[in-house]
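Student: Let's take this one apart together, question by question. I'll ask, you reason it out.

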Amino acid sequence: MRTIHHKIVVGMFLVIVSPLAWSFSLVDQAQEQAEFVEGLKRDIIKVDHTINVTKEHIKKSKGAVFLPDIIFRLAELYVEKSRLVYYLAVETQGSEQAVQSPESKLLKNEAITIYRDLIHRFPEYRYNDKVLFFLGHELHELGLHEEMLATYKKLVDDYPKSSLLLEALYIIGDFYFNHDKLMEAESFYKKILGYRESPMHDMARYKLGWIAINHAKSDRLHWKKALELFEQVAQSSNSPDEGIS
């Protein structure tokens, strides 16, 4: 009898406490979101300040050897601000509205303009491969796919020793793969295999395996090739430290 009474009391307690716990949970979530939004606003103010300081630094550094580095940094700051503005829009307006955020797009376009100007003014800048890579990324996010492809292809052609080469090749291959242009995708994935082993090779082989499966619909010999590629990925010992040579 006592056990039954104990269970009834515990049950009543849970019935009372559960809504309270849920209420407190909602309050905590709202508070966390409010704090996150305020943090984003503070970060935007900080980036704005750094942008202004960087612009002043650029004005005072005309002709300096390190001027391209400062300009590169300015472009990165605009990219950083565009992301913060986007996240703020997501939190305050919802993801659908954030996608259409005109301020975020304007900031990305400002970064793109700076990247392009940097390459034009300083064609011998030692980090122009990185400039091209980041330029391609921003073009992709704005949906400027033809310009994005041209940018990554320029990186591949002009900087064959770049540490970003394999990733650029993979991005180009993936674009074609995702748009069902499998012959083009295959050619870029295969280019990756011509370099020293790296984790990017496994990703390329995986996609090449699926392309082989697609070919196998009309040619059964490709099934064997697809299995070989998948086995190579499964048995790979590539590490993130390995790159091109």
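Student: Which helices are among those covering the buried residues of H4?
Tutor: First, a word on ground rules: this is a predicted model, where local features need pLDDT of at least 70 and side-chain atom pairs count only at pLDDT 80 or more, while totals for chains, interfaces and linings use all residues. Residues are numbered from 1 along each chain as its sequence is written, and side-chain values use heavy atoms, leaving out hydrogens and water. Buried means under 20% relative accessible area, exposed over 50%, and partly exposed in between, with a 1.4 Å probe and protein chains only. As for the cover over the buried residues of H4, it includes H2 and H5.

Student: How many helices and strands does the chain have?
Tutor: Both are DSSP runs numbered from the N terminus: helices are H or I with at least four residues, strands are E with at least two. Reading from the N terminus, you get α-α-α-α-α-α-α-α-α-α. The tally is 10 helices and 0 strands.

Student: Back to H4: what span does it reach from its first C-alpha to its last?
Tutor: The expected span of a helix is 1.5 Å times one less than its number of residues. H4 has 20 residues, and its reach is close to the expected figure. From first C-alpha to last, that reach is 28 Å.

Student: Within what arc do the buried residues of H4 fall?
Tutor: The buried ones are Ser 104, Leu 107, Lys 108, Ala 111, Ile 112, Ile 114, Tyr 115, Leu 118 and Ile 119. The arc is taken over the directions from the helix axis to the C-beta atoms. Looking down the axis of H4, the buried residues line one face of the helix, because they fall within an arc of 160 degrees.

Student: And which exposed residues sit on the face of H4 turned away from the buried side?
Tutor: An α-helix has 3.6 residues a turn, so residues three or four places apart point the same way. On H4, the face turned away from the buried side carries the exposed residues Pro 102, Leu 106 and His 120.

Student: Which element gives the most residues to the largest nonpolar core?
Tutor: A nonpolar core is a set of buried Ala, Val, Leu, Ile, Met, Phe, Trp, Tyr and Cys residues joined through side-chain atoms within 4.5 Å. The largest has 55 residues, with Tyr 115 and Tyr 189 making the most contacts inside it. Elements giving two or more residues include H1 (2-60), H4 (102-121) and H9 (199-216). The top contributor, with 12 residues, is H2.

Student: Which residues does Tyr 115 touch, not counting those up to four places away in sequence?
Tutor: Contact means heavy atoms within 4.5 Å. With residues up to four places away set aside, Tyr 115 touches Phe 72, Ala 75, Glu 76, Val 79, Val 131, Phe 134, Leu 135 and Glu 138.

Student: How far apart are the C-alpha atoms of Ile 119 and Leu 132?
Tutor: Ile 119 is in H4, and counts as buried because its relative accessible area is 19%. Its contacts beyond four places in sequence are Asn 128, Val 131, Leu 132 and Leu 135. Ile 119 and Leu 132 are 13 residues apart along the chain, and their C-alpha atoms are separated by 8.2 Å.

Student: What kind of aromatic pair do Tyr 125 and Tyr 127 make?
Tutor: Rings of Phe, Tyr and Trp (its six-membered ring) pair if their centres lie within 6.5 Å; planes under 30 degrees apart count as stacked, over 60 as edge-to-face and the rest as tilted. Tyr 125 is buried at 7% relative accessible area, whereas Tyr 127 is partly exposed at 30%. The two also belong to a cluster of ring pairs that includes Phe 72, Tyr 115 and Phe 134. Their centres are 5.7 Å apart and their planes at 90 degrees, so the pair is edge-to-face.

Student: Which residues does Phe 188 touch, again not counting residues up to four places away?
Tutor: Phe 188 lies in H8 and is buried, with a relative accessible area of 10%. Leaving out residues up to four places away, Phe 188 touches Lys 153, Leu 169, Ile 172, Gly 173 and Tyr 176.

Student: Last one: near what value is phi of Asp 180?
Tutor: Asp 180 lies in the loop between H7 and H8. At 67% relative accessibility, Asp 180 counts as exposed. Its phi is positive in a residue other than glycine, near 60 degrees.
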